[in-house]
Amino acid sequence: MDDQEVPNICQPSAGVHIVMPGYYSPDNMGLLDPATSDGRVIFFLPWEKMTIAGTTDSPTDVTSHPIPTEEDINFILCEVRNYLGPDVEVRRGDVLAAWSGIRPLVTNPDSKDTQSLSRNHVVTISDSGLVTIAGGKWTTYRAMARDTIDAAVREHGLQAGSCRTMGLQLEGAQDWSPTLYIRLVQDYGLESEVAQHLASTYGDKAFEVAKIAQVTGKRWPIVGKRLVSEFPYIEAEVVYGVREYARTAVDIISRRTRLAFLNVQAADEALPRIVDIMGKELGWCEQKKKEELETAKTFLYYEMGYKVKTDQLTDQSEISLVPSDIERYKKRFRMFDKDKKGFITILDVQRVLQSISVQMDENTLHEILNEVDLNKNGQVELNEFLQVVPSRRAACRAAGWPC
């Protein structure tokens with residue numbers, strides 16, 4: 001609008017990240033390789049008790065819903081293997097979540113080298129006095145704001161004091177301390193892991209979350225019902241998020257918590273309860289709740305890597321069952337998956353066998369489950385169950401496994 005002849009200075013570039021179990025990286029040490037096999041940068045860092053690795057870097061079109069590809073995920077996994085010992089097997093099934101983001105690489109219009117793209121931000125002023133800020137990233141938002149406002153003040157002689165962003169605390173930082181979580185444990189009866197999470201996420205506002213946490217009905221913890229057992233996110237955070245203007249289930253699982261980014265299956269498991277809580281707070285009808293659930297599941301399926309994981313499993317072995325057989329085996333799967341986790345572990349199988357008084361050697365049980373566990377992540381998911389179990393019925397019966 002300022003100058004119709006000005007060339008485009010932004011080039012969108014797609015970057016994919018993956019999350020893997022925490023045991024792949026030390027707790028307080030990360031790694032960055034600026035010269036990988038094809039020249040792209042790879043990092044490998046501990047994050048939220050998991051391991052985050054990335055990133056790819058390829059030109060892309062701008063879209064509101066970027067989707068990670070199997071090719072990008074495999075590139076990162078191949079690079080990761082170079083940093084670990086030969087005795088460590090990096091498995092595709094250990095990718096717990098994957099997502100793609102679009103970064104705005106930018107060319108400085110004032111630079112003589114107009115072909116050079118920068119990953120930093122650029123502030124430029126046109127002949128008419130228009131101040132443009134381009135490029136950059138979320139994690140440098142304060143520097144971007146400072147440089148932009150400083151340029152506007154200088155160019156137009158605006159009355160302003162010195163920049164104050166360096167000393168400006170975020171909401172919740174006022175009374176935060178490294179030991180604040182102990183008060184949450186002592187005053188409210190929260191689990192230590194949950195209290196640490198709340199304190200680091202909300203600062204001194206963590207007490208407001210704790211006040212609305214429900215009683216568990218257990219001796220310990222007294223309050224704080226988890227959304228899923230293996231993560232410290234509690235139901236009260238959903239209520240607090242709504243009161244801070246969260247209006248979609250996608251917002252809760254991706255931004256108010258990091259559940260979708262840490263484990264896409266865990267996020268899928270938590271969704272029904274999240275939608276119920278939001279529905280109660282916001283007065284949603286059943287149709288609205290259904291729409292929110294479907295939208296969030298679609299988000300997980302496409303944008304958080306659930307689809308590529310499912311496709312990767314399906315591509316290994318076609319499921320050749322008639323609909324009646326599929327339904328029968330789904331019922332068998334649910335018999336083992338009593339907790340509705342979406343997968344079966346060796347403990348689930350042992351529990352069922354014990355309930356029907358069937359004895360099985362543990363080594364034999366491990367061998368059977370390892371054969372069914374196609375992606376080798378220690379969990380048998382429904383797709384794997386449908387692909388392998390029907391063809392192993394005779395072996396199962398011979399071993400005493402109910403088929």
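Colleague: Is tryptophan 99 buried or exposed, and what is its relative accessible area?

Modeller: Ground rules first: this is a predicted model, in which local features need pLDDT of at least 70, side-chain atom pairs count only at pLDDT 80 or more, and totals for chains, interfaces and linings use all residues. Numbering starts from 1 along each chain as its sequence is written, and side-chain values use heavy atoms, leaving out hydrogens and water. A residue is buried under 20% relative accessible area, exposed over 50%, and partly exposed in between (1.4 Å probe, protein chains only). Tryptophan 99 is therefore buried, and its relative accessible area is 12%.

Colleague: How many aromatic pairs does a search of the whole structure find?

Modeller: Rings of Phe, Tyr and Trp (its six-membered ring) pair if their centres lie within 6.5 Å; planes under 30 degrees apart are stacked, over 60 edge-to-face, and the rest tilted. Searching the whole structure that way, the number of pairs found is six.

Colleague: What kind of pair do tyrosine 23 and tyrosine 24 form?

Modeller: Their ring centres are 5.0 Å apart, with 40° between the planes. That angle is neither under 30 degrees nor over 60, so the pair counts as tilted.

Colleague: And how are the planes of tryptophan 47 and tryptophan 99 set?

Modeller: The ring centres of tryptophan 47 and tryptophan 99 lie 6.5 Å apart, and the planes are at 55°, so this pair is tilted. Tryptophan 47 belongs to strand 3 (residues 42-47) and tryptophan 99 to strand 6 (residues 97-106), so the pair ties together parts 52 residues apart in sequence; these elements are DSSP runs numbered from the N terminus (helices: H or I, at least four residues; strands: E, at least two). The angle you asked about is 55°.

Colleague: Which residue joins Trp47 and Trp99 in a cluster of ring pairs?

Modeller: A charge sits over a ring if NZ of Lys or CZ of Arg is within 6 Å of the ring centre and within 35 degrees of the ring normal. Arginine 258 has its charged end over the ring of phenylalanine 261, 5.8 Å from the centre. Ring pairs link Trp47 and Trp99 into a cluster with Phe261.

Colleague: Which element gives the largest share of the largest nonpolar core?

Modeller: Such a core is a set of buried Ala, Val, Leu, Ile, Met, Phe, Trp, Tyr and Cys residues joined through side-chain atoms within 4.5 Å. This one has 37 residues, and those with the most contacts inside it include Phe231, Ile274 and Met278. Elements giving two or more residues to this core include strand 4 (50-54) and helix 10 (286-303). The largest share, nine residues, comes from helix 9.

Colleague: Where is threonine 55, the residue after that cis peptide bond?

Modeller: The bond from glycine 54 to threonine 55 is cis, and its omega is near 5°. Threonine 55 sits in the loop between strand 4 and strand 5 (58-59).

Colleague: Is lysine 49 buried or exposed, and what is its relative accessible area?

Modeller: Lysine 49 sits in the loop between strand 3 and strand 4. Its phi is near 65°, a positive value in a residue other than glycine. Lysine 49 is exposed, and its relative accessible area is 63%.

Colleague: What separates the C-alpha atoms of aspartate 204 and tryptophan 176?

Modeller: Aspartate 204 lies in the loop between helix 4 and helix 5 (206-211), and it counts as buried because its relative accessibility is 16%. Aspartate 204 and tryptophan 176 are 28 residues apart along the chain, and their C-alpha atoms are separated by 5.3 Å.
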